[in-house]
Amino acid sequence: MSDGEAFDFQIGRIISIIKDTGAKVVGLQFPEGFKRRSLAIASKIEDETGVCVSISGNPCFGACDLDVALIDDVEILFHFGHAHLDDNKLSGKVYFIETRSAVDVKEVVRLAVPELKGQRIGLITTVQHVHKLEDAAAVLKEHGKECVICSGDSKIAYPGQVLGCNFSAARNEDCDEYLYIGSGQFHPLGVSLATKKHVLIADPFVNELREADSKKVLKQRSVVIAKALDAEVFGIVVSSKPGQERMKLAEEMKALAKKYGKDAHILTMDLVTPDQLLQFKVDAFVNTACPRLAIDEVGRFNAPMLTPLEFEIVLGEREWEDLYFDEITGE
């Protein structure tokens, strides 16, 4: 099954929106995994509507990461691969194309049944597979399991959906363990750390099962924390990206540093990369931008990159054992 067959890019809907609105200048934004499809999609839209299409070449990490500059230059932006965020101030000009997957999940769920030790199973996934959770639940029920698909907070569009920065749909205390439907590793790792429960990954694209093993990540984070224990000067990183900007949290972190006699400076930028921070000579950074940044880019910064929770551990405000992934939560 090719990309075009495995995912629904809703070309018909996009063409209808353009014709209904009369837009002449349109933008397209894709996450990294879908960018190779962007040229063909742009050509199809232009051929069908006669509009001028611009494709964002900037990195895209989620619905929180809209291309603000491109939005200013177009009448409509179609943002692929993520669900709408209610608190996004720029979403009035943005149409979210969720790019649902057509892949069948039932077979891999059947494979998962013998590996699930608990009786009450929480089902979680990304937006690409949320419409298949009922299929997964039906399979589990056939094998005598109880299923729970929980709603998250205001940042979560669908029951059972988890983001890389929000695991609120996996907070059911009655669940014995979680089954994650999808191909990624980060989301189930986050759920494992946030809930302290067993998470089994069922990858429907290759029909394989994996355990969400947080031991390696916890070891890496322990090393980062240890390297920052003697830090005196901190750079608190704030992203200006919609949905990621947490200036209030940064100000709280700066005040906390002052409380402990530490020197802290707030650094604001759009895209946060190791190169962007290279010239800031601090003993450690504190990341309030995308929570994945400190995890995915571990070891690539010129100083330890801490999450806000890890910063509290360094200062003695939090115990080492009370470590879990940073999240950007809603109401």
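# Chat about helix 12, a cavity and a sheet

Author: Starting with helix 12 (residues 308-315) in this predicted model: eight of its eight residues are buried, so helix 12 is largely enclosed by the rest of the structure.

Reader: OK, which are the buried residues of helix 12?

Author: They are Pro308, Leu309, Glu310, Phe311, Glu312, Ile313, Val314 and Leu315.

Reader: And what covers the buried residues there?

Author: The cover includes helix 8, helix 9 (247-259) and three strands: strand 10 (233-239), strand 12 (284-287) and strand 13 (305-306).

Reader: What about the ends? What follows helix 12?

Author: Gly316 follows helix 12, and its phi is positive, near 90 degrees. On the other side, Thr307 has its place in the loop between strand 13 and helix 12.

Reader: Is Thr307 buried or exposed?

Author: Thr307 is buried, because its relative accessible area is 5% and the cut-off for buried is under 20%.

Reader: Which residues does Thr307 touch?

Author: Leaving out residues up to four places away in sequence, Thr307 touches Arg221, Val286, Asn287, Ala294 and Asp326.

Reader: Switching topic. How many cavities of 30 Å³ or more does the structure hold?

Author: One. About 40 Å³ of space lies in the largest cavity.

Reader: What lines the largest cavity?

Author: The lining is Leu193, Val217, Leu218, Arg221, Ile295, Glu310, Leu323, Tyr324 and Phe325. You've met two of those names already: Glu310 is among the buried residues of helix 12, and Arg221 is one of the residues that Thr307 touches.

Reader: How does the lining split by class, and which element gives the largest share?

Author: By class there are seven nonpolar, no polar and two charged residues. Helix 8 (residues 215-228) gives the largest share of the lining, with three residues.

Reader: Now the sheet. What's the strand order in the open sheet of five strands?

Author: The order is 6-5-7-8-9, with mixed pairing. Strand 6 (146-148) and strand 9 (208-211) stand at the edges with a single partner strand each, so one side of each is left without a neighbour in the sheet. From one strand to the next, the twist averages 30 degrees.

Reader: In what sense do strand 5 and strand 6 pair?

Author: Strand 5 (residues 120-125) pairs with strand 6 in the parallel sense, over three bridges. For Arg120, the bridge partner in strand 6 is Glu146.

Reader: Which strands does helix 6 lie across?

Author: Helix 6 (residues 133-142) lies across strand 5, strand 6 and strand 7 (177-181). Helix 6 runs at about 160 degrees to strand 5.

Note on methods. Residues numbered from 1 in each chain as written. Predicted model: local features only at pLDDT ≥ 70, side-chain atom pairs only at ≥ 80, totals over all residues. Heavy atoms only, no water. Pairing = 2+ DSSP bridges. Helix = DSSP H or I, 4+ residues; strand = E, 2+ residues; numbered from the N terminus. Axes fitted to C-alpha atoms, helices over the stretch in contact; angles between N-to-C directions. Contact = heavy atoms within 4.5 Å. 1 Å grid on protein atoms, 1.4 Å probe; cavity = no way out; pocket = protein on both sides within 12 Å on 5 of 7 lines; lining within 4 Å. Points joined across faces, edges and corners; volume = space filled by probe spheres on them. Nonpolar A, V, L, I, M, F, W, Y, C, P; charged D, E, K, R; others polar. Buried < 20%, exposed > 50% of the residue type's maximum accessible area, 1.4 Å probe, protein only.
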